[in-house]
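I am opening this notebook to record what I looked up in the model, one topic per entry. The entries go from strands to helices, then to the core and the aromatic rings.

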Amino acid sequence: MSHPATASTSTTVLLGDRPVRRMGYGAMQLAGPGVFGPPKDPASAVAVLRAAVEAGVNHIDTSDFYGPHVTNQLTREALHPYRADLVIVTKVGCLRGPDGSWDAALSSGQLRQAVHDNLRHLRLERLEVVNLRAMFDIHGPAEGSLEEPLTALAELQQQGLVGHIGLSNVTTRQIADGRRICRIACVQNHYNLVHRDDDALIDSLASQDVPYVPFFPLGGFSPLQSTVLSEVAQRLEATPMQVALAWLLRRSPNIVLIPGTSSVKHLHENLAAGSLSLPQEAMSRLDSMAAQRS
């Protein structure tokens with residue numbers, strides 16, 4: 001089965017006040033191993049970014065703490081001056097230690113610095129969307145106050161340096177608390193076929209037309225679950241990644257995807273998920289995967 005490798009077949013969702021196609025691209029994997037240091041082949045990384053935009057992607061997710069600085073610099077090298085319809089989304093709230101550690105950076109001063117660093121490395125005068133990554137637990141959402149960092153970002157928004165503010169790795173309570181400070185333009189959390197803690201949150205956000213951006217589309221699968229996914233993919237003559245992405249697109253209309261890869265071939269395979277049709281039998285089997293254990 002052949003699927004066109006284009007993002008243009010996907011419907012659009014408003015991210016902030018900008019329409020983006022539901023198939024975007026995440027630049028994280030363009031950095032070195034462990035998202036630390038430069039890639040082995042910078043020219044290939046640049047080629048992937050250019051191929052994504054040429055295929056119709058108009059939403060790229062990046063951050064100055066990927067590398068650090070690496071993916072932003074690659075994005076600038078590959079795509080600046082940027083197309084008018086391209087929305088670059090970045091993330092703040094974390095710093096990388098010399099050993100590659102992921103360290104919280106949520107003070108007002110750190111966030112102001114992070115926004116200016118992103119602006120400089122991307123060569124932008126305004127960041128369309130900035131996601132605040134909560135770092136109370138690096139492995140998943142955990143309660144804690146985001147009042148100081150969100151207030152700092154709201155001040156930068158008022159100054160015109162930030163267009164819209166989103167949240168990442170957050171709880172439902174943090175989203176509600178955050179809305180008392182500023183409009184929350186999107187939520188970016190871990191969610192996939194088997195990791196469905198955010199089911200109720202996704203439905204709630206969908207009713208409010210707030211985009212939900214899942215990451216780790218294949219993260220946390222048991223061997224049994226991986227086998228089921230592979231079997232469904234084989235029957236559809238697709239890859240497991242394509243099926244996992246297609247399921248996410250069908251899961252809710254407010255879901256926006258940012259699959260990452262450092263390969264042009266895999267990029268086109270991922271984008272083809274936007275036109276992969278999942279029959280009801282396949283959907284039923286995929287829906288049941290979350291309850292299965294190895």
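**Entry 1: strand β8.** I began with β8, residues 127-133, and found it mostly covered, seven of its seven residues being buried. Since this is a predicted model, I read every value here as computed from predicted coordinates. I then looked up the partners of β8: strand β5 (residues 87-92) runs parallel to β8 and is joined to it by four bridges, with K91 standing opposite N131. Strand β9, residues 162-168, also pairs with β8 in the parallel sense, over six bridges, and there I noted that V130 has I165 as its bridge partner. The connection from β8 to β9 goes by way of helix α4 (residues 147-158), and I recorded the three elements as a right-handed β-α-β unit.

**Entry 2: the sheet.** Next I traced the sheet to which these strands belong, and I wrote it down as an open sheet of six strands in the order β3-β4-β5-β8-β9-β10, with parallel pairing. At its edges stand β3 (25-26) and β10 (184-188), each of which has a single partner strand, so one side of each is left without a neighbour in the sheet. Between β4 (residues 59-61) and β5, which run parallel, I found three bridges, and in that pairing I60 has I88 of β5 as its bridge partner. Helix α4 packs on this sheet, where it touches β5, β8 and β9, and its direction makes about 160° with that of β9.

**Entry 3: the β1-β2 hairpin.** I turned to strand β1 (residues 12-15), which pairs with β2 (residues 18-21) in the antiparallel sense over four bridges. L15 stands opposite R18 of β2, and the two strands form a hairpin with two residues between them, where G16 in the turn has a positive phi of about 70°. Which side chains of β1 point to one face and are buried? I found that V13 and L15 do, while T12 and L14 point to the other face and are not buried. My reminder for this check was that side chains in a regular strand alternate between the two faces of the sheet.

**Entry 4: helix α2.** I checked the burial of helix α2, residues 70-79, and found seven of its 10 residues buried, so the helix is largely enclosed by the rest of the structure. The buried residues are V70, T71, N72, L74, T75, A78 and L79. What covers them includes helices α1 (42-54) and α3 (108-122) as well as strands β4 and β5.

**Entry 5: a glycine in a loop.** I also looked up G97, which lies in the loop between β6 (94-96) and β7 (102-104). Is G97 buried or exposed? Its relative accessible area is 6%, and because buried means under 20%, I entered G97 as buried. Leaving aside residues up to four places away in sequence, G97 touches F36 and D103. The C-alpha atoms of G97 and P68 are separated by 9.4 Å, the two residues being 29 apart along the chain.

**Entry 6: nonpolar cores.** The largest nonpolar core has 87 residues, of which Y25, L132, L193, V243, L278 and L286 touch the most other members. Helix α8 (residues 240-251) gives the most to this core, with eight residues. Apart from this core I found another, of 10 residues, among them V13, C186, V213 and I258. For L132 I listed the contacts beyond four places in sequence, which include V92, L106, L111, L146, L150, L153 and L167.

**Entry 7: aromatic rings.** I found five aromatic pairs in the structure. F65 and Y66 form one that is edge-to-face, at 5.4 Å centre to centre with 85° between the planes; F65 is buried at a relative accessible area of 6%, and Y66 is buried at 6%. The rings of Y191 and W247 have their centres 6.2 Å apart and their planes at 20°, so I recorded this pair as stacked. That pair links distant parts of the chain, with Y191 in the loop between β10 and α6 (199-207) and W247 in helix α8, 56 residues apart. Y191 is buried at a relative accessible area of 0%, and W247 is buried at 1%. My last note is that F65, Y66 and W102 form one aromatic cluster.

Notes:
Residues numbered from 1 in each chain as written. Predicted model: local features only at pLDDT ≥ 70, side-chain atom pairs only at ≥ 80, totals over all residues. Heavy atoms only, no water. Buried < 20%, exposed > 50% of the residue type's maximum accessible area, 1.4 Å probe, protein only. Pairing = 2+ DSSP bridges. Right-handed = clockwise from strand over helix to strand, strands pointing away. Contact = heavy atoms within 4.5 Å. Axes fitted to C-alpha atoms, helices over the stretch in contact; angles between N-to-C directions. Core = buried A, V, L, I, M, F, W, Y, C linked by side-chain atoms within 4.5 Å. Phe/Tyr/Trp six-rings, centres within 6.5 Å; stacked < 30°, edge-to-face > 60°.
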